[in-house]
Amino acid sequence: MLRCHVPVILLAARTGLFAEGRFLGKVLDEWIFDAQEFIRTKLPHLVVIALIAFVLSRLLRIVTSKMTRIAEQHAAGRSRIAQVKTLASVIRATGFAIIVVIATLQILDAFGVNLAPLLASAGVAGVAIGLAAQSLVKDMLNGIIILIEDQFDVGDTVRLAGLTGTVEAMTLRKTTVRDGDGTLYVVPNSQITTVANLSADYSVATINVSVDFSANPDKVQEILQRIAMDVRNTPDFKNLFLADPQILGVDSMRGSQLIFPVVFKTKATQQYGPVREFQRRVRLALEENHMLPGDPNRVFNSFLAEAPETTGSSAPSTTEHEPPPARDPTTIKPQESNPFIGE
């Protein structure tokens, strides 16, 4: 019914004020011509722009979703999955914003809007925002690099920006680190220039055992080797070691002490328990073998025997006094006793 009335309505519109040759009639003719021109030339251009924007947004969504699925299948931990999801969401949001801005500019240009003032204003505003928020931009760019390169994960023990602690959270702008005493530090990502990841792969602990100079080095090394292997084979620490402990021998002599380095190679950040147990057993072994711990401030003095006084110049003494045999000065400890045996 409506289709029957359309020609009648159009015919009525061309009469009266909208008749051909009159002012409003000319305006109506111009509108009809512009509409025809828009449908013939610009509408296909807008359709192509919309299709391209739609296809790009779908491809962006597919790629980011694929990243997330691959991370869930192959990532080693939840923290890495969270990092990939964060990076995927940032890529998706940034890419979608770029697509929308470009499509909008193309649509405005198709409608004949002059984009020069708009682009000039946007450029000035971008420079002002960039100068005001340059530290924020640096934080986000550095955060993206940290996520892409997988420099550290949540839960890792790290040393960064002069701080050491465990990473509790990380975003594109900041990294949160918990120190050993419970202090929580918030570090902007732009300040992270060097990262020391203490949780990567494995840890190496070197214990310097100090023994008195009078101890037999071979015996000390044998004792340390036995203690280290006992700790290595202890059920509580057996699964923590990646290699047998190494006894490097006498590394240095300082004062009255001999330094024996002992090297433990364990899983990342798992060296503390074996090290404590090893030092406890070393203390007991020194007492058991009557050995003194080394002391860099201990001083040894040589012992010189004095001849006994005679009763007279002419009368020889009835008993000859011989000086005691000379002793090794390294074993003489004046006014000192062994704390282990009390002698």
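## Helices α2 and α7 in a predicted model

At 34% relative accessibility, L43 counts as partly exposed, because that class runs between the 20% limit for buried and the 50% limit for exposed. The model is predicted.

**Helix α2.** L43 sits in helix α2. In space, L43 and A110 are 8.6 Å apart, C-alpha to C-alpha. In sequence, 67 residues separate L43 and A110. L59 also belongs to helix α2, which covers residues 23-74. With 47% relative accessibility, L59 counts as partly exposed. The two leucines can be set side by side.

| Residue | Relative accessibility | Class |
|---|---|---|
| L43 | 34% | partly exposed |
| L59 | 47% | partly exposed |

L59 also helps to make a nonpolar surface patch. The patch has an area of about 640 Å². Its other members are V48, I52, F54, V55, L56 and I62.

**Helix α7.** Helix α7 spans residues 272-288, 17 residues in all. From its first C-alpha to its last, α7 reaches 25 Å. That is close to the 24 Å expected at 1.5 Å a residue.

Which residues of α7 are buried? They are P274, V275, E277, F278, V282, A285 and L286. What do the buried residues of α7 pack against? Their partners are two strands and a helix: β6 (202-212), β9 (257-267) and α6 (217-232).

After α7 comes H290. The phi of H290 is positive, near 55°.

Terms used: Residues numbered from 1 in each chain as written. Predicted model: local features only at pLDDT ≥ 70, side-chain atom pairs only at ≥ 80, totals over all residues. Heavy atoms only, no water. Helix = DSSP H or I, 4+ residues; strand = E, 2+ residues; numbered from the N terminus. Expected span 1.5 Å × (residues − 1). Buried < 20%, exposed > 50% of the residue type's maximum accessible area, 1.4 Å probe, protein only. Contact = heavy atoms within 4.5 Å. Patch = residues over 30% accessible without salt bridge, like charges linked within 9 Å, V, L, I, M, F, W, Y side chains within 5 Å. Areas by Shrake-Rupley, 256 points an atom, 1.4 Å probe, with all protein chains shown as cover. Salt bridge = Lys/Arg side-chain N within 4 Å of Asp/Glu carboxyl O.
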